[in-house]
Each structure stands twice: as structure tokens, then as C-alpha cells.
Amino acid sequence: PSTTPLGTQTVTVKDSAESSSGRTSTITIAGLSVTSTPSSAVANQAITVSASGFTASTALASISVAGTANTVTTLTDSTAVTDKTTDSSGNLVATFKIPVDEVTRTPGSTHKIIITDDSGRIGEAFLTIPSRTLVLDQAESRRGSTLNFTGDGYQASSTVSITYGSSTTPRTTVTADSAGHISGSFTVSTT
């Protein structure tokens, strides 16, 4: 049935003369075919999922990322998830932003995207939250010099502060782009 739990399941076969034992084997139940583009994304970044094998012309029940606490409610086109339907062949294409919370902001982690339709069919894909990087254009500098930097893995469309040395005052702030990339420059203090 479409509601069989995903993962390893035990199958037991016995004839009517056997009362308690029989032959057993295991089978791994995989979710329906789902891919995410990109497969690596940061919190608040839009991704597109493409899926097949769902019930034809059926509404979605839910999309979750990294557990049920991260349920996606609205797609990027402002359609409610529960108003999105599969096509007449059971295919689905939907774009949404990765929810923002402590789990999806943890760099270097991998999480499941789980999509369920109203008939109980379940599809899953994996999403990697990339590690954060910060690259300076120079390994050595002088007081008053300008340092350029680039980085990846920051929350999409968020403000990122750059501090220098033991100071807690930001030398500059930049806004990460829609994919979590940052770039900018700052001047090394003269004191």
C-alpha cells in the first residue's frame, strides 16, 4: 500500500500448516522519485523539486524539510502547498524556499525533503546544507590596506557582518545573495 513506511521492512511467508515460523526476508521501501535542484542549498534559498509516481491529478498534503517542524506552507509563486496538484500522470514540479531555523542553518548537514500527496504517497530527496567559507584575497596585509573577501554557505538574503582582529565592531556588512554567496572588502585598521 502507498502508506507502507519507508525503510527496511520484514516480509514473512508461511503456509497454513505453520503456526509460528516461516521464511523471512527484508525489503527496502524507497520513496517515489524526487530530485531537488540544486541539491545543495542554504536556508531561505529557493529550490525546485521534480517528482514522479504520485497519484494523478491529486493535491499535495505536505512538503517538509529536515523534519515535520519545517513544513513548507507556501511555494515561491504564492500558491499554498495544499493547493498544488500533480499532473494527469502523477508528476510534480514545485519551487519553494528552504525554511529558516536552527536545523537548516547548520552548515555541513544533510536533510530529507519529504513530499506527501493527499493519497498518502510519499517521495523523498536529500538536501545538503553547505559548509560556510570565507576567502581573503591576501594572506598578509598592512595597516590601512584593503582586503577583498568572498564566501559561500550563508543564509540567503541575510546580513553578514565582517569583524577584524579582537574588535566586535563590524568593519563592514554585506547581504548574502539568493544562493548564500557573499563578497566585499574592508580596510585594515591603522591603529
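Let me begin with the largest nonpolar core, meaning a set of buried Ala, Val, Leu, Ile, Met, Phe, Trp, Tyr and Cys residues joined through side-chain atoms within 4.5 Å, which has 21 residues, with V49, I63, F96, I113 and I115 touching the most other members. Buried here means under 20% relative accessible area, exposed over 50%, and partly exposed in between, with a 1.4 Å probe and protein chains only. This is a predicted model, in which local features need pLDDT of at least 70 and side-chain atom pairs count only at pLDDT 80 or more, while totals for chains, interfaces and linings use all residues. Residues are numbered from 1 along each chain as its sequence is written, and side-chain values use heavy atoms, with hydrogens and water left out.

A second, separate core of ten residues includes F149, V160, A176 and I182.

F149 brings me to the aromatic pairs, where rings of Phe, Tyr and Trp (its six-membered ring) pair if their centres lie within 6.5 Å, and planes under 30 degrees apart count as stacked, over 60 as edge-to-face and the rest as tilted. The whole structure holds two such pairs. The ring centres of F149 and F186 are 6.3 Å apart with planes at 40 degrees, so this pair is tilted. Y164 and F186 form a tilted pair too, at 5.8 Å centre to centre and 55 degrees between the planes.

Which residues do these ring pairs link into a cluster? They are F149, Y164 and F186. Within that cluster, F186 is buried, at a relative accessible area of 6%, whereas Y164 is partly exposed, at 32%.
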